Amino acid sequence: MKSKILFFIAVLVVAGVTWGAMESVHPFGFPGETPMDTYFVEHAQKDRAANNVVTSIVFDYRGFDTLGEAAVLFTAVSSIALIFRKGGRS
Amino acid sequence: MRHMRPLSVIARVVCNAFAWFMVVFGSYVIIHGHLTPGGGFQGGAVVATALAFLVITHGGDFALPKLKKELFIGLEQAGLLIFICAGFAALGTTFFYNFLANSGGLFGASIPLGPNSGVLNSSGTIALMNMAVGFEVVGGLSLILYYMLHGILQNLGSEEMGKEETGHDR
Amino acid sequence: MIGNLPYIVVGLLFTYGLFAVIFERNLIKIAVGITVLESAVNLLLIVYGYRSGGNIPVFTLAGEGSSFVLPTPQALTLTAIVIGLATSALLLSIIMVLYRHYGTLDVREIRRLRG
């Protein structure tokens, strides 16, 4: 019973702290000056000839992060293959 | 075996009618990655779900010996190799430079500015990398499913396990 | 106050996931709690980049002369979702090997036994 009361107090505190912290950066829905994103939206169709701005960011302007993510997928698959090997005890 | 039995007749008939449709829809999401929302990662997850659908409805006895490990290993390694080679081929300017956009050859057509319906031939190495990552995600997720399902069979084969129902607390 | 509801929802989801990780006794429920924690953080990333009255940043689907939402947090969230998938797959595989070794899924029993 005491843990449930502590849980309700923790819910209110964390929700309020999240709202206050994010509100102090910029109000919700009005981001202000964003020079990098205006550059991406204006120049993505002329230089890279892609209609989808998000895909051109993922694969062209920030393609190095996608290389790291492909490496993470590969590492996960090899680790699972290593966990489930059949033990040949000799 | 008692676990992983096939589901009922209705589930099996509906699965046979719709599994190919999931593969075709997933390929559509992968190939049109530079025109509509989607891309390599999302379409690869859709195609891997079709494989899980087939194995669950037809049961472990019937479906698991038909899966071969070498096909998925080959798919995943081919995708990763094409991705890295497309990055190294543009080493004249910088790593991962888009050297095929707005030129005349493969995937190199110009598009009009502003809102338009898309051109499939455009946007250089972005479309190439999309398909390479799609192959890799299909192979990788199918391999994870294959190893986990064979791990269930290994679990059920051992005899020295607890027989009571576990996990019900309070 | 009611227009800032997404931030409060993120805080609630985060606390529910944390409660499941700390106070549960079944291993599979702890794994589900970790997945809920991850969904809360991805939602916070996307909500941060919202512009009032904006459209989807794809030129095939947007209309004439519209403003766009910020596309960069959406690209970073894609990577975060795939990393969460890799974490969940490894966690569930380790739980399967633990069940084969100990015979039970209760966290307090596994802490007491010495395999």
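Chain A has a radius of gyration of 23 Å, whereas a compact globule of 90 residues would come in near 12 Å. Keep in mind that this is a predicted model. Along its principal axes, the C-alpha trace of chain A spans about 65 × 55 × 15 Å. As for burial, 30% of the 90 residues of chain A count as buried.

What is chain A built from? You'll find four helices and zero strands, and starting at the N terminus the elements run α-α-α-α.

Let's look at helix 4 of chain A, which covers residues 63-83. With its 21 residues, helix 4 reaches 31 Å from its first C-alpha to its last, and that is close to the 30 Å expected at 1.5 Å a residue.

Now for the two sides of helix 4. Its buried residues are Gly63(A), Thr66(A), Ala70(A), Leu73(A), Ala76(A), Val77(A) and Ile80(A). Look down the axis of helix 4 and these buried residues fall within an arc of 125 degrees, so they line one face of the helix. Which residues are exposed on the other side? There, helix 4 of chain A shows Phe64(A), Gly68(A), Ala71(A), Thr75(A), Ser78(A) and Leu82(A).

Finally, let's leave chain A and see where chain C touches chain B. This contact takes 19 residues from chain C and 18 residues from chain B. Sort the chain C side by class and you get nine nonpolar, six polar and four charged residues.

Notes
Residues are numbered from 1 along each chain as its sequence is written. Chains are lettered from A and ligands numbered from 1 in the order in which they are written. This is a predicted model: local features need pLDDT of at least 70, side-chain atom pairs count only at pLDDT 80 or more; totals for chains, interfaces and linings use all residues. Helices (H or I, at least four residues) and strands (E, at least two) are DSSP runs, numbered from the N terminus. The expected span of a helix is 1.5 Å times one less than its number of residues. A residue is buried if 20 or more other C-beta atoms lie within 10 Å of its own, exposed if 12 or fewer, and partly exposed in between; C-beta atoms are placed from the backbone. The arc is that of the directions from the helix axis to the C-beta atoms. The radius of gyration is taken over C-alpha atoms; the globule rule is 2.2 Å times the number of residues to the power 0.38. Two residues are in contact if their C-beta atoms, placed from the backbone, lie within 7 Å. Ala, Val, Leu, Ile, Met, Phe, Trp, Tyr, Cys and Pro count as nonpolar, Asp, Glu, Lys and Arg as charged, and the others, Gly among them, as polar.
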